[in-house]
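Hello,

Here is the structure I promised to pass on. Please have a look at it first, and then read on for what I found.

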Amino acid sequence: MGRVAIVGAGAVGLVLAEAAARAGHHTTLCGERAPDRITVLHRGRVRSTTVASCRIAARAAPVDVVVLAVKRGDDGVAAEWSGLIGTETVVLHARNGLGVESGLSPAVNIPSVVNFGAERIAAGVVLRSSG
């Protein structure tokens, strides 16, 4: 499986990181608040997953896929993680707002729509309410 980095440890980033890890991808959660363990509460179930974390952007190494899960106005935060971008890296934008401008220069930019509700209720813990 591929190497996936999720930039942003808010509700959306936690849900996507847990899903990527559960699917068998080597998953790294990136950001100042990035936990090593993620717990998702959804439909009466509790799923806990361990992921790699990278809290210092300067230590980031290139991956196959970067998922930007930071708010649209946080382009400066996204640009700090340029070390994740290699010559064939794909960036998936899972952010509020339209467009794919981020300060990063990947091989491919893919816009997306996040179609689930989630709330970060504690460090590394998210309540997924829909989707």
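Accessible areas here come from the Shrake-Rupley method with a 1.4 Å probe. On that basis, the protein has an accessible surface of about 6,800 Å², and carbon and sulfur atoms account for 54% of it. Please keep in mind that this is a predicted model, so every value below is computed from predicted coordinates.

First, the overall picture. Of the 131 residues in the protein, 43% are buried. There are 2 helices and 10 strands, and along the sequence they follow the pattern β-α-β-β-β-β-β-α-β-β-β-β. Looking at contacts between residues at least 6 apart in sequence, 49% join residues at least 24 apart.

Now to strand β1, which covers residues 3–7. Is this strand enclosed or open to the outside? Buried means under 20% relative accessible area, and 4 of the 5 residues of β1 are buried, so the strand is largely enclosed by the rest of the structure. Strand β1 is joined to β2 (residues 26–30) by 5 bridges, and the two run parallel. Within this pairing, Val7 stands opposite Cys30 of β2. To get from β1 to β2 the chain passes through helix α1 (residues 11–22), making a right-handed β-α-β crossover. Strand β1 also runs parallel to β6 (residues 63–68), with 4 bridges between them. There, Val7 has Leu68 as its bridge partner.

One residue of strand β2 that I looked at is Thr28. Its relative accessibility is 15%, so Thr28 counts as buried. Beyond its neighbours within four places in sequence, Thr28 is in contact with Val4, Ala5 and Ile6, and also with Ala52, Ser53 and Cys54.

There is also an open sheet of 4 strands, in the order β4-β3-β10-β9, with mixed pairing. Which strands stand at its edges? They are β4 (45–50) and β9 (118–122); each has a single partner strand, so one side of each is left without a neighbour in the sheet. From one strand to the next, the twist averages 25°. Inside this sheet, β3 (residues 37–42) and β10 (residues 125–128) run parallel and are joined by 3 bridges. Val40 stands opposite Val126 of β10.

Happy to talk any of this through whenever it suits you.

Best wishes

Notes:
Residues numbered from 1 in each chain as written. Predicted model: local features only at pLDDT ≥ 70, side-chain atom pairs only at ≥ 80, totals over all residues. Heavy atoms only, no water. Buried < 20%, exposed > 50% of the residue type's maximum accessible area, 1.4 Å probe, protein only. Pairing = 2+ DSSP bridges. Right-handed = clockwise from strand over helix to strand, strands pointing away. Axes fitted to C-alpha atoms, helices over the stretch in contact; angles between N-to-C directions. Contact = heavy atoms within 4.5 Å.
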